[in-house]
Each structure stands twice: as C-alpha cells, then as structure tokens.
Amino acid sequence: MFKVFVDGEAGTTGLQIYERLAKRSDVEVLRISPELRKDIAERKRLINESDVTFLCLPDAAAIESAALCENPNTCVIDASTAHRVNPAWTYGMPELSPAQREAIAKAKRIANPGCHASGFILGVHPLIAAGILPKSANLAAYSITGYSGGGKKLIAEYEDAAALAHAAGESKAIMAPAPYALALAHKHLPEMKKYCELENTPFFNPVLGPYYKGMAVTVAIFANELTKKVGPEGLTEILAKHYEGCRFVKVMPYEAAPVLFNGRLDATVCNDTNNARIQVFGNENVMQVTTIIDNLGKGASGAAIQNMNIALGLDEGISLV
C-alpha cells in the first residue's frame, strides 16, 4: 500500500488526481483537514509521511511545499510551472525517449509537463531528434483549449455566463474563441524550447475555446526549413517510429484529403483519457503537425498519475484509459 498526499487537492488538477486515486486499492490517500490546508507543519508532516506527494499549487506555493520535503524516499511530483526547466528536477514526459522514462523511474523530483507544452513537444521533439527539423528552426504554433485549463476562476466565469445565456433563452456558444497571452510570453514556452532543444523561442498563440476541455496543438512545418526533402507522409513515418511502444500516443495515418469530423478536427476526441493523438496534414510545401489531448488528462492529472506509476515501478497505465 503506497501512501499518497495531494497538496492542493481542492484545485482542478488536484481534484482530478484525487478522483483517480480514490478508485485504487494499492493507494492510501493522506487527507488534510480543510482548516489545516495552509498549515505548514501539517503539510510538512503529510509530505514526509507519503511515498508520493503531488503539488497542485501556484508556483510560489509549490516551491515552498517542495522545500518541506526532507524524506529521501518521498517522490514529489509538481504539477505547477515552478520546476519544469529546473535541471534538478526530471521532466515528466516518458515518451521523449527510453532514457527519459528510465530517469522518471529513478527520480524523486518530477516536474509534470504543461498542457500546451505537452502537445507541442509530442509533435515536434521526434522531428528534432530525427534530425529532419533543425534546432535553428523558427516555429509557429497555435493551440485551442477548453476553458477548464484556466482553473476554478475561469471555469466559474464561463459557467456563470452560460447560465445567464440559458436563462435568456440563448442556445449559441457563450463566447467566441479567444486568443490570449498576447504579449507572446506564455509560461509554457521555456519548456517547449528546452525539451525540443530549439535555439529560437517559438511563436505561440493559445486560444481559449467556449467548451470545458480538450486541446488541439498545431505546429506549422515549412518544407524549406527541413534538412532534406520530406513530405507529410515522411513526417508521419518519423513520428510513428518514435512512438512505437508508447501506450498513450497514437500517430494517425496521413490522409491527403482528411475526412475527420466532417472535414474538421475535433479537439475533444481524447477527452477523459490519457491519450495523445498526432496527425500530419498538408502537402510537399507546407505541413502541420497537430496533437490532440485532454488538457486535464495527458495535459495534467493523467500525466501526473502516469509519472507516479512509473516512479513506483508499477504498470504505467493503472487507473488510466
């Protein structure tokens, strides 16, 4: 029986992790009394009593909690942005390489990837690793995501607006898709750059969609940026080869005229799973690599549970679909 503590279980990611853990017979979840959630001594006790602690907190609070861990046997998995490019922490994306998976299995400090970053890295890293996309490439990407990624405050904002629209008899979407992070300095950019080994920071445009969850991250690939002539079928083959044996990543066959969902992408197709679906579109001159995930699944709580399973030497798919 493994003891697990979720520091910040009241947040969106914390709640999802707790729900997944509550169904398991091999885990004892250590609970903190609501009135003691900000009590440092109680949090420290539970962190050090645990085999695994998940940090589902704002960055500053996550740094504080990580410093409370003195038990050398406790594995800390941080879902915040705080430690993702910290070399003392292991980046929690086992699909990067067999070596990364092995590092996670041995790690006591694991930084869970960001949701947008997960989609970007899953689509780009294999092309860099294969040498077909140079590290000097200038990449442009956009990502449409459900509003749940913004946490409780944004969820309430959207759901309150939906309730008002319903009361007024309006049946249309409550808001149009909304690009944000327009200063072009999104908090996921450092990890996108680092783990793809890019020399230049990508142009990245996240877009908030008027739906709860599901994410599609798209990266533009121009043929004249590649190190040799490769079309969309060739990129698909490179991606498929990289992810052979990766349970949660599926590379879709290339289609010159995609059928999809009436010719459109469905950003929710991986919802309620820990899956990532990658597909290449385009032609010999310009292509796009699109990765679809559940921003609360492979983009957050699902990845955290996968990392926990690996770190504990368990089957990585326990309590994941």
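## Lys44 and Glu70

Lys44 is partly exposed, because its relative accessible area of 29% falls between the 20% limit for buried and the 50% limit for exposed. This value, like the others here, comes from a predicted model. The side chain of Lys44 forms a salt bridge with Glu70, and the closest N and O atoms are 3.1 Å apart. The pair links distant parts of the chain, 26 residues apart: Lys44 belongs to helix α2 (residues 40-49), while Glu70 sits in the loop between α3 (59-68) and β4. Glu70 has a relative accessibility of 58% and therefore counts as exposed, the limit being over 50%.

## Lys213 and its two partners

Side chains of opposite charge can pair when their charged atoms come close. Which residue forms a salt bridge with Lys213 at 2.6 Å between the closest N and O atoms? The partner is Asp272. Here too the pair links distant parts of the chain: Asp272 is in the loop between β11 (249-251) and β12 (276-282), and Lys213 is in the loop between β9 (203-208) and β10 (215-222), 59 residues apart. Asp272 is exposed at 54% relative accessibility, whereas Lys213 is buried, with a relative accessible area of 13%.

Lys213 also meets the side chain of Asp294 in a salt bridge, with an N to O distance of 3.4 Å. Asp294 lies in the loop between β13 (286-293) and α9 (297-311), and Lys213 in the loop between β9 and β10, so this salt bridge ties together parts that are 81 residues apart in sequence. Both Asp294 and Lys213 are buried.

## Salt bridges elsewhere

Lys3, Glu42, Arg45 and Glu49 are joined into one network by salt bridges that share partners. In the whole structure, a search finds 16 salt bridges.

## The six-stranded sheet

Six strands form an open sheet in the order β2-β1-β3-β4-β6-β5, and their pairing is parallel. At the edges are β2 (27-30) and β5 (90-91), each of which pairs on one side only.

Within this order, β3 (residues 52-55) and β4 (residues 75-78) run parallel and are joined by four bridges. One residue of this pairing is Thr53, whose bridge partner in β4 is Val76.

## Strands β11, β12 and β13

How many of the seven residues of β12 are buried? Six are, and the strand is mostly covered. β12 runs parallel to β11, to which three bridges join it. With β13, β12 runs antiparallel, and seven bridges connect the two. A hairpin of three residues leads from β12 to β13.

Ile278 of β12 takes part in both pairings: it is the bridge partner of Val251, and its own bridge partner in β13 is Thr291.

## Helices α1 and α9

The axes of helix α1 (residues 12-22) and α9 come within 10 Å and cross at roughly 45 degrees. An angle from 35 to 65 degrees is neither roughly parallel nor roughly perpendicular, so α1 and α9 are oblique to each other. Their crossing is right-handed.

On the α1 side, the contact is made by Thr13, Gln16, Ile17, Arg20 and Leu21. On the α9 side, the contact is made by Gly297, Ala300, Ser301, Gly302, Ala304, Ile305 and Met308.

Note on methods:
Residues are numbered from 1 along each chain as its sequence is written. This is a predicted model: local features need pLDDT of at least 70, side-chain atom pairs count only at pLDDT 80 or more; totals for chains, interfaces and linings use all residues. Side-chain values use heavy atoms; hydrogens and water are left out. Two strands pair if DSSP finds at least two bridges between them. A salt bridge is a side-chain nitrogen of Lys or Arg within 4 Å of a carboxyl oxygen of Asp or Glu. Buried means under 20% relative accessible area, exposed over 50%, partly exposed in between (1.4 Å probe, protein chains only). Axes are lines fitted to C-alpha atoms, for helices over the stretch in contact, and angles run from 0 to 180 degrees between N-to-C directions. Angles under 35 degrees count as roughly parallel, over 145 as roughly antiparallel, 65 to 115 as roughly perpendicular and the rest as oblique. A crossing is left-handed if the near helix is turned anticlockwise from the far one by less than a right angle, and right-handed if clockwise. Contact means heavy atoms within 4.5 Å.
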